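Here's a short tour of a protein model, with an eye on where the charged and the nonpolar side chains sit. Have the structure open as you read.

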Amino acid sequence: MSRARLPMVETADQGQAGFTLIEVLVVLAVVSVSIIAIGAVVSRNAASVRKLEQHVTLVTDMRLALATALADRSRLQPGISDQRSGSGSVVLQIRPLGGDWNEPAGQTGWIPEAVTLRVKTGSGAVADVQTVRLARGAR
């Protein structure tokens, strides 16, 4: 059994195969710029997600504070109430709105009061809710 040998085909560029050093350096530069751009986008996205999570926590804590601190409005008294809430705090402040409210003798009226609810989460985010309520004057 004899094997027939195929003639080898030689090309003129056989000594020029591969990439030049300049071509490799250009490709490395393009790849590194692309990786840096992708890293910057990922970094911004992570910061945005962190900020969004803080905001959701703040809104959730605020809703819980509104539901608990202002649940029985008839029992609210002027002054400051400071409570711990999880890793944060809730401060409820009620004070007369404006100056002295004088009522005519023998009449019961309504006195406006400023109500401020401040919620601070453990991450340091703060939200304030300010409103006015009418409280029945002293008899």
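A quick definition to start: a salt bridge here is a side-chain nitrogen of Lys or Arg within 4 Å of a carboxyl oxygen of Asp or Glu. Buried means under 20% relative accessible area. Keep in mind that this is a predicted model.

**A lone buried acid**

With those terms in hand, take a look at D61, which sits in helix α1 (residues 21–69). D61 is buried but has no salt bridge. Which side chain of opposite charge is nearest to D61, and how far away is it? That would be R63, at 11 Å. Since a salt bridge needs the nitrogen and oxygen within 4 Å, R63 at 11 Å doesn't qualify. So what does D61 touch, once you set aside its neighbours within four places in sequence? The contacts are V119 and T121.

**The hairpin**

V119 brings us to the strands. β3 (residues 110–120) and β4 (residues 126–136) run antiparallel, joined by 11 bridges. Together β3 and β4 make a hairpin, with 5 residues between them. In that turn, G124 has a positive phi of about 100°. K120 stands opposite V126 in β4.

**Two salt bridges**

How many salt bridges turn up in a search of the whole structure? The count is 2. Here they are:

| Salt bridge | N to O distance |
|---|---|
| R133 and E113 | 2.8 Å |
| D128 and R118 | 2.8 Å |

The R133 and E113 pair links distant parts of the chain, with R133 in strand β4 and E113 in strand β3, 20 residues apart. The D128 and R118 pair also ties β4 to β3: D128 is in strand β4 and R118 in strand β3, 10 residues apart.

Are the partners buried or exposed? E113 counts as buried because its relative accessible area is 8%, which is under the 20% cut-off. D128 is partly exposed, at 39% relative accessibility, and R118 is partly exposed too, at 41%.

**A nonpolar patch on the surface**

Finally, back to helix α1, where I22 lies. I22 counts as exposed because its relative accessible area is 61%, and the cut-off for exposed is over 50%. I22 belongs to a nonpolar surface patch, along with F19, L21, V24, L25, V26, L28 and V30. Together these residues have about 850 Å² of accessible area.

Key: Residues are numbered from 1 along each chain as its sequence is written. This is a predicted model: local features need pLDDT of at least 70, side-chain atom pairs count only at pLDDT 80 or more; totals for chains, interfaces and linings use all residues. Side-chain values use heavy atoms; hydrogens and water are left out. Helices (H or I, at least four residues) and strands (E, at least two) are DSSP runs, numbered from the N terminus. Buried means under 20% relative accessible area, exposed over 50%, partly exposed in between (1.4 Å probe, protein chains only). Lys and Arg count as positive and Asp and Glu as negative; His and the chain ends are not counted. Contact means heavy atoms within 4.5 Å. Two strands pair if DSSP finds at least two bridges between them. Patches are made of residues with over 30% relative accessible area and no salt bridge: like charges are joined within 9 Å, nonpolar side chains (Val, Leu, Ile, Met, Phe, Trp, Tyr) within 5 Å. Accessible areas come from the Shrake-Rupley method with a 1.4 Å probe; for residues, only the protein chains shown count as cover.
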